[in-house]
Amino acid sequence: MSTAKSALIIGASRGLGLGLVRELLQRGWDVAATVRDVVHPGELADLPVRIEPLLLDDIHSQDRLAEALSGSRFDLVFINAGIYGPAHQSTIDASLADVGQLFMVNAVAPLRLAERLLPHLDGERGVLAFMTSELGSVAGNESGGMALYRASKAALNSLTRSFVAELGETGITVLNLHPGWVRTDMGGDAAPLEVHTSVKGLADQVENHAGRGGQFYLDYQGTTIDW
Ligand SMILES: NC(=O)c1ccc[n+]([C@@H]2O[C@H](COP(=O)([O-])OP(=O)(O)OC[C@H]3O[C@@H](n4cnc5c(N)ncnc54)[C@H](OP(=O)(O)O)[C@@H]3O)[C@@H](O)[C@H]2O)c1
């Protein structure tokens with residue numbers, strides 16, 4: 001029987017999700033990962049991982065994933081997938097569809113998925129990680145900018161706090177992680193951090209916090225962020 005730790009990474013076709021898969025494999029973890037399009041999983045196809053389909057904002061897709069994973073147990077479930085929303089980021093110009101999709105993908109759907117996947121997480125040392133952003137900090141918002149994206153991550157943070165409050169006594173640790181500003185399709189070319197630097201730090205936080213219990217809002221270097 002394998003004694004390797006096991007992870008499920010949600011949203012691993014590219015960017016930070018793909019980077020996390022690579023980093024955990026390097027550390028000897030068994031990794032399962034989800035992509036929207038299993039026919040075209042991109043670079044994930046070349047890695048020794050179990051690939052499952054998931055459209056995060058589709059409840060039926062979430063049900064199918066939970067069913068496909070029946071009998072699986074993970075030390076880490078990392079809900080990474082996210083979107084930026086409309087480029088203008090303006091509350092004046094945003095349509096109902098823009099706002100609905102942004103808040104569903106970034107805030108509501110991750111919590112729905114967390115509820116479904118909780119039975120698959122190790123109850124004593126399991127880590128449930130949400131990829132949030134420092135921009136989701138209400139306390140830290142002194143500059144404004146990226147208003148809609150920021151609000152969607154603040155909503156994610158708020159929903160995770162409700163989730164943890166209602167979880168009751170458990171050994172599970174919940175991490176709200178900020179990856180830094182990272183050079184991905186979302187982060188853009190001006191971002192100072194490479195994916196491999198960010199994911200190394202994120203994996204360190206996961207390994208350092210397993211078994212602690214409770215909830216932490218941290219960046220990839222382990223620095224606490226004010227809610
Ligand atoms: N990059 C940064 O500087 C930065 C900073 C702070 C926080 N973050 C957060 O980090 C996470 C990953 O960002 P990234 O920079 O790696 O972004 P990215 O390169 O744009 O990748 C986004 C990932 O999310 C998946 N995804 C998007 N919508 C989905 C949906 N409805 N269902 C399933 N999967 C979906 C994408 O899949 P497809 O390939 O199928 O589209 C892709 O794998 C996001 O939550 C983001 O908000 C990033």
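Hi everyone, this is a short tour of one protein chain, its ligand and a pair of its helices.

First, this is a predicted model, in which local features need pLDDT of at least 70, side-chain atom pairs count only at pLDDT 80 or more, and totals for chains, interfaces and linings use all residues. Residues are numbered from 1 along each chain as its sequence is written.

Let's start with the whole chain. It has five helices and seven strands; these are DSSP runs, helices being H or I over at least four residues and strands E over at least two, numbered from the N terminus. From that end, the order is β-α-β-β-α-β-α-β-α-β-α-β. The C-alpha trace spans about 55 × 40 × 35 Å along its principal axes.

Now, the ligand. How many residues surround the ligand? There are 28, and the closest are G15, L56, G82, T184 and G187 (near means a C-beta atom, placed from the backbone, within 6 Å). Helix α1, residues 15-26, gives the most to this shell, with three residues.

Finally, the helix pair. Helix α3 (residues 96-117) packs with helix α4 (residues 147-167) at an angle of about 20°, their axes 8 Å apart. Those axes are lines fitted to C-alpha atoms over the stretch in contact, and angles run from 0 to 180 degrees between N-to-C directions. That makes α3 roughly parallel to α4, a label for angles under 35 degrees. Residues in contact have C-beta atoms, placed from the backbone, within 7 Å; among those in α3 are L102 and F103, and α4 brings residues including L148 and F163.

Terms used
Angles under 35 degrees count as roughly parallel, over 145 as roughly antiparallel, 65 to 115 as roughly perpendicular and the rest as oblique. Two residues are in contact if their C-beta atoms, placed from the backbone, lie within 7 Å.
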